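User: I would like to learn how to read salt bridges and burial in a model of this kind. Could you take me through the general idea and then the case at hand?

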Amino acid sequence: MKTLLIFIFFLISGPVGCFDVIGYSGGTIRIYCKDQQYNGQTEKYFCKNETDECINSEQDTWVHKNRLSLRDSGIELTVLYRNLSLQDSGSYRCGETGRWSHDVELKVKRDPCCSGPSAVTGFLGETLTINCSSPEEFKTDIKSFHKKYGDYITEVISTTDPPKRTFSISEDNISNVVSVRIGNVKNTYAGSYLCGIKREQTLFTYFSFFSEIQLQVTVRPPTTMNPTAASTDEEHLIQTSTVPPELQDYFKETSAAALLKEILNKTFTELPQNVVIDALKSVMNDSILRGELNKNNVVHANDILMGTERLVSALVVPVDTYNITPITVPNLEIKLLMVGPNASTVKIPQLTTSTVYLDIDLIGIAEKNQGSAAVSLMSYTNFTTLQDPALFNTDNETSKTMMSPVVSVTLLRTNITQLTKPVNLTLKHTTEVDPDGELICVYWNDTEWSVDGCLLLQSKSNHSVCSCVHLSTFALIMQTRPRSDDENNTVMMVIGILAVSVGMVFLTLCLVTFVNYHRNPRLTNTALINLCLTLLLAHLLFLLTQIFLRYIKPLQVLCAVLAGVLHFLFLSAFVWMFIEAVLLFLLMKNLTKLRSKKEGLNWKYLVLIGYIIPVVVVGVSAGVVPKGYGSKQCWLNVDEGFVWSFLGPVAFILAANTLLFLSILIIMTSTLKKVSSENLGIKRTERDHQLFKSVFLKTMVQFVILGCSWVLGFFTNGSKVLEMIFLLLNSQQGTFIFLIHCVFNQEVRLLYVKWWRGLCGTHIPKSEDDPVTAISKF
């Protein structure tokens, strides 16, 4: 009843304001609702619209309901919403019963910059810098740094504050990183901190917290430098500090380089977390990562990957539901997720770091692994060896740029080798994307970067989503073609666009003419009409796809659908070319019986043939090879010969049309000779000569109309000259159809004259049409 009364008061409350609030998955928002009519004595509320989910405040007391907390300070209403999820998005209302209310539109987003809790370590008396990555859309907002005290969140410093004695804050607008500097670290500084932004208006203020940091304070262990170590060639090349004394209870080696090798050779099942962290700090310092003289020493890189994996694996322990262990050391950020038998009934948070977001079906994997599973997400920085894009070998000459950090995803202590579904990684870009570049998702294949099993799902300005069917070490690489090739391709593209556009104009004119002009009722224009229609649609779709390719290509589903539609349209056009060739052959063969009722075929059967065959071919192709559609050019993939689902039928039709054309040419030549011999004793007029020339010319042009010139496509083989001839001939198929069947047809010319005079309002005098033989009209 109380909830019902609140919603009734929605209708009679005072002025209503509307505000947008942006939060992030796993983060927290704090909202301050206030109004000029604010009365500290009346009950305040916060409700989700269109539901009965409400929470009511009490004066100067926190009221908690699940992840929501409410407090009425007498001046403003404070709303705290923790551990946000995407499902929390929606419309809310905060207000004072019967007096005022504000509508709040909450938008919960997911961004790879916004990670879950992470841990940092500060040493007593020293200076510590904490870095927080912020979302791109908050670039111009006030950044703030807060500390949590139970239910309270207290602001420590913001970017609008001057530097304090202990705390200072700075912001890098290029990388969207906020840095908080803490001087003279003390034990009292330990605790949980939040990075966020502040948006303030007169009657409404909110904070959006997107990163949580657990600060641990300890005494720095003593270290000694070993610059003269030269027991082995490797230690001579790598000068590094000795490992912390507490590691001596678990490992024998005292130098970081030797410790890495011992980790690889040692067998251990479980280690304390502080031991793992210290070991990771030793093997992940800059001197180890960059100490190799040979930049392409992939063996050393593989040792580092294997060593960190073995150390993290030692943290896996049995759990009932789930547990997330965050670890941050120099040059490495780790999230370890472990699930247990009862995790299937609990919502498992996704794994994120400051640079990557992982979507993996760990519950499904656990169900096949006796109810438990563990996965580690490791993000490396300053990994010079693996961050060399030259290790991505391609056949074509392109410049390559590493676009993301190196990220490893590993299933730990799990017998499952096959994933239940592909994993998706949202990788944050480390540099600006070249509009002409091609983004590629790659994985580390022991000696080089490879693309097998990975594909790019989508890409935006600051991040890209990769989908892979296996786990490994991943990265994002951008390929950019040399400018010289780009210029040649641009010239060809411009010529192609102009040629195809001209052909489309004439195809449109042909369609308008054929639809409005009807020949002898015993003859049919069905084949020509549908040929022009399918060619027009195919060329239009092809043209639009190539113009907007850079925007379509990242959308894999749309790219595949367009490829399938293009496959259907071009196949249908070729089938109609074949039908037109057959009809023309029958017409020539029965030339002496032109007035017979047996001429032509029923248009209904022609339509079935012209469209059912392409539908069957495309349907079977998609069923047999579902991933055959959607190449880099949004066409058919050449892998496993799938492109022959188009080339096969086309080759058959071209061969048949060529034979039919030769037969037509032979019949035409034979007929003309026969007519010439029969009229040998009769003096031929100039009109007879013109008729023979016209018939011969029209017959030769049929070579292009019937698509025989497409045969050139099998022989271009990189030849620019043949490519240009192929492009010009086949893009102008509509032009040739218009010339032969419209311009050179006397009846159609008269129809054009009639239309023109009708537009101009001129009377058409009656005149006798010149007789036109069947030969001159085909």
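Salt bridges and burial

Analyst: We can begin with one residue: at 27% relative accessibility, Arg199 counts as partly exposed, where buried means under 20% relative accessible area, exposed over 50%, and partly exposed in between (1.4 Å probe, protein chains only). This is a predicted model, in which local features need pLDDT of at least 70 and side-chain atom pairs count only at pLDDT 80 or more, while totals for chains, interfaces and linings use all residues. Residues are numbered from 1 along each chain as its sequence is written, and side-chain values use heavy atoms, with hydrogens and water left out.

User: Which residue forms a salt bridge with Arg199, and how far apart are the closest N and O atoms?

Analyst: Side chains of opposite charge can pair when their charged atoms come close. The criterion here is a side-chain nitrogen of Lys or Arg within 4 Å of a carboxyl oxygen of Asp or Glu, and the count comes to 9 salt bridges. Arg199 pairs with Asp141, with 2.9 Å between the closest N and O atoms. Asp141 is buried, at a relative accessible area of 14%.

User: What are the accessibilities of Glu171 and Lys143?

Analyst: Glu171 and Lys143 form a salt bridge whose closest N and O atoms are 2.6 Å apart. Glu171 counts as partly exposed because its relative accessibility is 31%, whereas Lys143, at 1%, is buried.

User: Is Glu200 buried or exposed?

Analyst: Glu200 counts as exposed, at 55% relative accessibility, and its side chain meets that of Lys198 in a salt bridge (3.7 Å, N to O). Lys198 is partly exposed, with a relative accessible area of 23%.
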